[in-house]
Amino acid sequence: KMADDFKTVHLYYNDTELYSSVAHVIAAYDAECNGKKVTALVTDQTVMHPQGGGQPTDVGIITSTDGSIRFEVSHVQKGKGHAFIEHLGNYTCDGPRFAAGDEVCIEVDAPKRQLHARLHSAGHLMDSALAKIGVTDLIPAKGYHFPDGPYVEYVGTVPPELRDSLLSDLNQQTAKLIQEAIPVHVTWNEQGERVVNVGGTACACGGTHVKNTSDIRRVLATKIKKNKNCVRISYILNDS
């Protein structure tokens, strides 16, 4: 089997809160990650989200069904051509290694997944909040939903003198959308793209999301600044 034929089913597309699954190994080979030698495991399906789309990688463990082989996943990425997913990491024990055809258990680090889902949904909630307060001239451009300084960027401008009042309106509106406990809707469009709606505004997205706006708990937009031809809105999950 060549890499061109590999295909991995993304189980997290249908259920963000599915933290473990059984899968079969398609391939195992040597790879590199951040300059270090690692092993890449490709499986027929996975609960692990690869890094991309503004979202950090999932991490976790892959074990043989009898528990004798244990593999720590430190980075997950889309493989060549994006049809399959590589789980990069290292075995934590000596002895046998995984081979094509082996049945394995894939387990994602659940607290990290929950944090990433909340961060990603919080970014989408900003889109919905802006629409609800009547800001229609900011066009969503990109999102960075990592724990270290998440933000959303929009093509457009917000004059400096209006930024504080926009932050205040935005935070009132996101708090309201969270309090309203709106179910997050995931659908598929005619182009075969996954479409996610968090709080009223829908957009194509391959990331992991909470099931209800109330699961975001509390988000705070902290700063609005100009970045080239964009407006960057920084936010935090305010759990304190």
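Two strands count as paired if DSSP finds at least two bridges between them. Keep that in mind as you look at this predicted model, where six strands close into a barrel. There's also a pocket to explore, plus a tyrosine, Y235, that counts as buried.

**The barrel**
- Going around the barrel, the strand order is β2-β3-β7-β6-β5-β8, and the pairing is antiparallel.
- From one strand to the next, the twist averages 45°.
- For a close-up of one pair, take β6 (residues 70-78) and β7 (residues 85-91): they run antiparallel and are joined by seven bridges.
- If you want to find a bridge yourself, start at V73, whose partner in β7 is G89.

**The largest pocket**
- Rolling a probe the size of a water molecule over the atoms shows where empty space is left.
- The largest pocket holds about 510 Å³ of space.
- Its lining is made up of 29 residues, and the closest to the centre are G53, H120, A204, C205 and G206.
- Elements giving two or more residues to this lining are α1 (110-132), β9 (139-144), β10 (151-155) and β13 (202-204).
- Sorted by class, the lining has twelve polar, eleven nonpolar and six charged residues.

**A look at Y235**
- You'll find Y235 in strand β15 (residues 230-237).
- Y235 counts as buried because its relative accessibility is 1%, and the cut-off for buried is under 20%.
- The side chain of Y235 reaches the backbone oxygen of L119 at 2.7 Å.
- Y235 and H145 sit 90 residues apart in sequence, while their C-alpha atoms are 9.5 Å apart in space.

Terms used:
Residues are numbered from 1 along each chain as its sequence is written. This is a predicted model: local features need pLDDT of at least 70, side-chain atom pairs count only at pLDDT 80 or more; totals for chains, interfaces and linings use all residues. Side-chain values use heavy atoms; hydrogens and water are left out. Helices (H or I, at least four residues) and strands (E, at least two) are DSSP runs, numbered from the N terminus. Axes are lines fitted to C-alpha atoms, for helices over the stretch in contact, and angles run from 0 to 180 degrees between N-to-C directions. On a 1 Å grid over the protein atoms alone, a cavity is a set of points where a 1.4 Å probe fits but cannot get out, and a pocket is an open set with protein on both sides within 12 Å along at least five of seven lines; lining residues have an atom within 4 Å of a point. Grid points are joined across faces, edges and corners, and a volume is the space filled by probe spheres set on the points. Ala, Val, Leu, Ile, Met, Phe, Trp, Tyr, Cys and Pro count as nonpolar, Asp, Glu, Lys and Arg as charged, and the others, Gly among them, as polar. Buried means under 20% relative accessible area, exposed over 50%, partly exposed in between (1.4 Å probe, protein chains only). A polar contact is a pair of N or O atoms within 3.5 Å; within protein, one must be able to donate a hydrogen and the other to accept it, and residues adjacent in sequence count only if both atoms are side-chain atoms.
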